[in-house]
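Student: I am new to this structure and would like a close look at a single part of it. Could you take me through one helix and its surroundings slowly, in connected prose?

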Amino acid sequence: MEKTHNKDRLDANTIGFDDFLEDLFGLNIRGLKTLWTSFANPKAYFQACSSPNWHDKFTPSFRLWFTLSALTVFLQFFWGGNIAV
């Protein structure tokens with residue numbers, strides 16, 4: 001039983017690519033799946049909206065909107081203006 005507990009603790013402490021994207025951009029794989037589902041199958045997305053935890057599959061729409069807005073502002077800051085040469 002001790003081995004299982006240690007394995008669970010190691011799995012909980014392992015940082016994956018999804019966690020890296022979450023820390024870097026505030027957007028993770030789950031957010032990208034949410035974005036795709038909102039276009040490909042909006043019915044499933046809006047049904048999950050009525051659940052308190054979004055069926056543990058989707059990112060809440062406000063958080064997704066806020067992340068995409070922040071990313072847009074960030075990109076406009078670097079590439080939005082004229083370049084004086």
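Tutor: What follows looks at helix 3 and then at the parts of the chain around helix 3.

Please keep in mind that this is a predicted model, in which the protein chain has an average pLDDT of 75, with 65% of the residues scoring at least 70. That confidence varies among the elements, for helix 1 (residues 2-13) has the lowest mean pLDDT, 53, whereas helix 4 (residues 42-49) has the highest, 90. The secondary structure of the chain consists of five helices and zero strands, and of its 85 residues 16% count as buried. The chain exposes about 7400 Å², of which carbon and sulfur atoms supply 65%.

Helix 3 covers residues 29-40, and its 12 residues reach 16 Å from the first C-alpha to the last, which is close to the 16 Å expected at 1.5 Å a residue. Which residues of helix 3 are buried? They are Gly31, Thr34 and Thr37, and when one looks down the axis of helix 3 the buried residues fall within an arc of 120°, so they line one face of the helix. The general background is that an α-helix has 3.6 residues a turn, so residues three or four places apart point the same way. On the face of helix 3 turned away from the buried side one finds the exposed residues Lys33, Trp36 and Phe39, while the buried residues of helix 3 pack against helix 4 and helix 5.

Let us follow helix 5 next. Serine 61 belongs to helix 5, which covers residues 61-79, and the C-alpha atom of serine 61 is separated by 9.3 Å from that of glycine 31, although the two are 30 residues apart along the chain. With a relative accessibility of 38%, serine 61 counts as partly exposed, because that class lies between the buried limit of 20% and the exposed limit of 50%. Leaving aside residues up to four places away in sequence, serine 61 touches Tyr45 and Trp54.

Those two contact partners lead to the aromatic residues, since ring pairs link Tyr45, Phe46, Trp54 and Phe58 into a cluster. In the model the count of aromatic pairs comes to six. In one of them the rings of tyrosine 45 and phenylalanine 58 have their centres 5.7 Å apart and their planes at 85°, so the pair is edge-to-face. Tyrosine 45 lies in helix 4 and phenylalanine 58 in the loop between helix 4 and helix 5, so this pair ties together parts that are 13 residues apart in sequence. Tyrosine 45 and phenylalanine 58 are both buried. Another edge-to-face pair is formed by phenylalanine 77 and phenylalanine 78, at 5.1 Å centre to centre and with 80° between the planes, but here both phenylalanine 77 and phenylalanine 78 are exposed.

The loop between helix 4 and helix 5 also holds histidine 55 and aspartate 56. Histidine 55 has a positive phi of about 60° although it is not a glycine, and aspartate 56, likewise not a glycine, has a positive phi of about 55°. Histidine 55, with a relative accessible area of 45%, is partly exposed, whereas aspartate 56, at 53% relative accessibility, counts as exposed.

How values were computed. Residues numbered from 1 in each chain as written. Predicted model: local features only at pLDDT ≥ 70, side-chain atom pairs only at ≥ 80, totals over all residues. Heavy atoms only, no water. pLDDT = per-residue confidence, 0-100. Helix = DSSP H or I, 4+ residues; strand = E, 2+ residues; numbered from the N terminus. Buried < 20%, exposed > 50% of the residue type's maximum accessible area, 1.4 Å probe, protein only. Areas by Shrake-Rupley, 256 points an atom, 1.4 Å probe, with all protein chains shown as cover. Contact = heavy atoms within 4.5 Å. Expected span 1.5 Å × (residues − 1). Arc of directions from axis to C-beta. Phe/Tyr/Trp six-rings, centres within 6.5 Å; stacked < 30°, edge-to-face > 60°.
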